[in-house]
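User: Hi! I am new to protein structures and would like to learn how to read one. Could you walk me through some features step by step?

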Amino acid sequence: MLLKELTRLRGVSGDEGEVRGFVIDQAAPYCDEITVDTMGSVVAWKRCKKEGAPTVMIAAHMDEVGFMVQYVRDDGLIRYMTVGGIDPAVCVGKRVLVGKTRVPGVIGCKAVHLQERDERTRALKHSQLYIDIGARDRDDALKAVSIGDYAVFDSEYVEFGRGFVKSRALDDRVGCAVMLELLKHDYPCNVAFAFNVQEEVGLRGAMATAFRVQPDCAIILEGTTANDTIGARVHEEICSAGKGPALSFMDRASIAHPGLFARMRALAQERNIPWQLKRGTTGGNDAGSIQRSQGGVATVVVSVPCRYIHGPSSVCALSDVENQYRWVKAFLDEGGTF
């Protein structure tokens with residue numbers, strides 16, 4: 001799969017151009033039609049010749065969380081705003097790349113030696129952090145970056161341990177990688193592969209693609225929180241990396257369609273595909289917009305569990321990515337019926 005290549009591309013919400021260009025290049029040889037809407041989402045169509053065949057939407061989002069240059073101080077340090085949800089605790093000391101020319105920088109804060117006692121016991125806020133690009137002053141900094149420039153974590157794709165990978169943007173380049181692989185096959189149903197924009201800032205792109213496609217059902221491919229680390233009690237574990245993709249029954253944005261949910265469960269058992277039930281209902285994803293489109297769309301979400309999500313070094317198991325692919329392909333091979 002193309003996960004390594006996809007995670008190297010910058011695609012903060014609203015600035016998905018690099019990812020979009022790559023997706024179009026990779027999808028073009030395998031699909032019947034590619035459309036790009038005004039917002040920038042890509043829909044790659046695989047149509048079948050069977051009359052009356054259902055239309056299935058497979059969706060993933062191209063965007064990732066990141067930063068935007070908000071203000072440059074007189075000393076050349078950059079105040080930023082976050083694009084999407086990022087915990088400030090994962091930012092201090094991390095490298096970033098700013099703007100189209102990928103200006104290197106570091107997220108900094110007041111040195112621990114200078115902090116008051118109570119400051120050392122409180123979590124830092126984004127307002128206390130800044131990006132340092134090594135500029136002498138404001139004028140020097142503005143020669144390299146501009147207000148409104150996007151920034152991403154500077155983090156390489158690394159495979160390690162027993163089948164794990166760490167990278168930024170696994171949410172949701174895992175879904176994009178799986179869709180590009182699924183595109184290589186033909187199916188006895190019409191399939192619209194929707195590579196959506198601006199999921200991290202309000203599920204915006206999916207609203208437009210679902211309206212255009214008008215699918216009979218949709219499977220949303222995601223990267224989701226794996227709360228299987230130290231400090232999490234058993235009943236607090238949402239899902240676990242390496243134990244199969246997670247099927248959601250609901251979250252804050254959507255509730256799975258009962259029939260589609262049941263079919264996906266049965267299909268995993270029939271095909272001996274490792275899977276798990278996502279045991280938490282926090283957060284949301286593009287299903288929230290797709291489900292409400294037109295007269296309503298049957299949706300279900302299949303996610304790859306990712307540790308340390310929305311940070312510079314998310315971690316997932318490559319076996320979960322492979323089984324997400326196997327699971328969705330099995331559904332499409334059967335014609336997308338439930």
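User: Let's begin with the largest pocket: how many residues line the largest pocket, and which lie nearest its centre?

Analyst: To read a pocket, look at what surrounds the open space. In this predicted model, 30 residues line the largest pocket, and those nearest its centre are D171, T224, T225, I309 and H310. The volume of this pocket is about 600 Å³.

User: Which elements give two or more residues to that lining?

Analyst: Two strands are worth finding on your screen. β13 (217-225) and β16 (298-306) are the elements that each give two or more residues to the lining of the largest pocket. The most comes from β13, which supplies 4 residues.

User: How does the lining of the largest pocket divide by class?

Analyst: Sorting the residues by class gives a quick feel for a lining. Here there are 14 polar residues, together with 8 nonpolar and 8 charged ones.

User: Now for enclosed spaces. How many cavities of 30 Å³ or more are there?

Analyst: Cavities can be read in the same way as the pocket, by volume and then by lining. The count comes to 2 cavities of 30 Å³ or more. The largest cavity has a volume of about 70 Å³, and the second largest holds about 40 Å³ of space.

User: Which residues line the largest cavity?

Analyst: Try picking these out one by one. The lining is made of E64, V65, F153, R168, A169, L170, D171, H310, G311 and S314. By class, that is 4 nonpolar, 3 polar and 3 charged residues. You may recognise D171 and H310 in this list, since both also appear among the residues nearest the centre of the largest pocket.

User: And what lines the second largest cavity?

Analyst: Its lining consists of S248, M250, D251, S254, I255, A256, T299, V300 and V301. These divide into 5 nonpolar, 3 polar and 1 charged.

User: D171 keeps coming up. Which residue does a cis peptide bond join to D171?

Analyst: For a peptide bond, the angle to look up is omega. The cis bond joins D171 to D172, with omega at about 10 degrees. D172 sits in helix α4 (residues 170-182).

User: At what angle do α4 and α8 pack?

Analyst: With a helix pair, read the angle, the distance and then the contacts. The angle between α4 and α8 is about 45 degrees, and their axes are 10 Å apart. The two helices are therefore oblique to each other, and their crossing is right-handed. On the α4 side, V174, G175, V178, E181 and L182 meet V321, Q324, Y325, V328 and K329 of α8. This contact has 6 nonpolar, 2 polar and 2 charged residues.

User: Helix α8 also comes within 10 Å of α6 by its axis; at what angle do the axes cross?

Analyst: We can follow those steps again. The axes of α6 (residues 258-270) and α8 (residues 318-333) cross at roughly 110 degrees. α6 and α8 are therefore roughly perpendicular to each other, and α6 passes α8 in a right-handed crossing. From α6, the contact uses L260, R263, M264, R265, L267 and A268, while α8 brings W327, A330 and F331. Grouped by class, there are 7 nonpolar and 2 charged residues, with no polar ones.

User: One last backbone feature: what is the phi of R102, and where does R102 lie?

Analyst: For this one, check the sign of the angle and then the residue type. R102 has a positive phi of about 55 degrees, although it is not a glycine. To find R102, go to the loop between β6 (95-98) and β7 (103-108).

Technical notes
Residues are numbered from 1 along each chain as its sequence is written. This is a predicted model: local features need pLDDT of at least 70, side-chain atom pairs count only at pLDDT 80 or more; totals for chains, interfaces and linings use all residues. Side-chain values use heavy atoms; hydrogens and water are left out. Axes are lines fitted to C-alpha atoms, for helices over the stretch in contact, and angles run from 0 to 180 degrees between N-to-C directions. Angles under 35 degrees count as roughly parallel, over 145 as roughly antiparallel, 65 to 115 as roughly perpendicular and the rest as oblique. A crossing is left-handed if the near helix is turned anticlockwise from the far one by less than a right angle, and right-handed if clockwise. Contact means heavy atoms within 4.5 Å. Ala, Val, Leu, Ile, Met, Phe, Trp, Tyr, Cys and Pro count as nonpolar, Asp, Glu, Lys and Arg as charged, and the others, Gly among them, as polar. On a 1 Å grid over the protein atoms alone, a cavity is a set of points where a 1.4 Å probe fits but cannot get out, and a pocket is an open set with protein on both sides within 12 Å along at least five of seven lines; lining residues have an atom within 4 Å of a point. Grid points are joined across faces, edges and corners, and a volume is the space filled by probe spheres set on the points.
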